[in-house]
Amino acid sequence: MTTLPQAKLDALLDRRRPRIVYLENQPDTMMAWSIGGWCRKNGAVLIANSTENDLPSLGEMLRDRNVKKALRSIRSRILGRIVRHRVDHVVSMCEGGREAMEAMGFTGAASVAPLGFDAALFQPDKKSR
């Protein structure tokens, strides 16, 4: 059974019929699962945006004993692997983010698109720090 929000989302996608869907949301979410399902059925490509860059390893989780962080990391890793076949590519803002996506199962399907800025205008001011 399809939920009402899912039905509305599917109807919108059916009307627009995009070839590429760019999801400004983490790939390890139910949103990615849902939209990815539509994309698979309709031959579209799903690209997700990720801001994740802190996905600790199992060893780090055990050492730090931070239960909340450990549960989030485990959830991300599990959902990432479940959703992986529905998300074609993940774009991250930094190398650490790409590495986190690969740890979630997006090996070979994650790239870095750093935030753009003019380094001549924006430089760290060591004195004010």
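Arg86 touches Trp33, Gly36, Gly37, Arg40 and Leu46, leaving aside residues up to four places away in sequence. This arginine sits in the loop between α4 and β3. Keep in mind that the model is a predicted one. Is Arg86 buried or exposed? Its relative accessibility is 18%, so Arg86 counts as buried, the cut-off being under 20%. Ser34 is 52 residues away from Arg86 along the chain, yet the two C-alpha atoms are separated by 8.8 Å.

Two other loop arginines are worth a look for their backbone. Arg17 has a phi near 50 degrees, a positive value in a residue that isn't glycine. Arg65 also has a positive phi, of about 55 degrees, and is not a glycine either. Here are the three loop arginines with their accessibility.

| Residue | Loop | Relative accessibility | Class |
|---|---|---|---|
| Arg17 | between α1 (4–16) and β1 | 44% | partly exposed |
| Arg65 | between α3 (58–64) and α4 (67–83) | 72% | exposed |
| Arg86 | between α4 and β3 | 18% | buried |

Now for the overall layout. The protein chain has 5 helices and 4 strands, and from the N terminus on they run α-β-α-β-α-α-β-α-β. The radius of gyration comes to 18 Å, well over the 14 Å that the globule rule gives for 129 residues, so the chain is more spread out than a compact globule. Along its principal axes, the C-alpha trace spans about 55 × 40 × 30 Å. Buried residues make up 36% of the 129 residues. As for contacts between residues at least 6 apart in sequence, 56% of them join residues at least 24 apart.

On to the strands. β1 (residues 20–23) and β2 run parallel, joined by 4 bridges, and Val21 has Leu46 as its bridge partner in β2. Another 4 bridges join β2 to β3 (residues 89–92), again in parallel. Along that pairing, Ile47 has His89 as its bridge partner in β3, and Ser50 stands opposite Ser92. β3 in turn pairs with β4 (residues 110–112) in the parallel sense, over 3 bridges; there Val91 stands opposite Ser111.

How enclosed is β2, and why? Of its 6 residues (45–50), 5 are buried, so the strand is largely enclosed by the rest of the structure.

Which elements make up the crossovers? β1, helix α2 (residues 30–42) and β2 form a right-handed β-α-β unit. β3, α5 and β4 form a right-handed β-α-β unit too.

Helix α2 deserves its own paragraph. At 1.5 Å a residue its 13 residues should span 18 Å, and the end C-alpha atoms are 18 Å apart, which agrees. The buried residues of α2 are Ala32, Ser34, Ile35, Gly36, Gly37, Trp38 and Cys39. As a reminder, an α-helix has 3.6 residues a turn, so residues three or four places apart point the same way. Just after α2, Gly43 takes a positive phi of about 70 degrees.

What about the core? The largest nonpolar core has 19 residues, and those with the most contacts inside it are Cys39, Leu46, Val87 and Met101. β1, α2, β2 and α5 (95–103) each supply at least two residues of this core. The biggest giver is α2, with 4 residues. This fits a broader pattern: in soluble globular proteins, nonpolar side chains tend to be buried together.

Leu46 ties several of these threads together. Which residues does Leu46 contact, leaving aside neighbours within four places in sequence? They are Val21, Leu23, Ala32, Ile35, Gly36, Cys39, Arg86, Val87, Asp88 and His89. Among these, Val21 is the bridge partner of Leu46, Cys39 and Val87 are two of the core residues with the most contacts, and Ala32, Ile35 and Gly36 are among the buried residues of α2. Arg86 is in the list as well, which brings us back to the buried loop arginine we started with.

Terms used. Residues numbered from 1 in each chain as written. Predicted model: local features only at pLDDT ≥ 70, side-chain atom pairs only at ≥ 80, totals over all residues. Heavy atoms only, no water. Buried < 20%, exposed > 50% of the residue type's maximum accessible area, 1.4 Å probe, protein only. Pairing = 2+ DSSP bridges. Right-handed = clockwise from strand over helix to strand, strands pointing away. Core = buried A, V, L, I, M, F, W, Y, C linked by side-chain atoms within 4.5 Å. Contact = heavy atoms within 4.5 Å. Expected span 1.5 Å × (residues − 1). Rg over C-alpha atoms; globule rule 2.2 N^0.38 Å.
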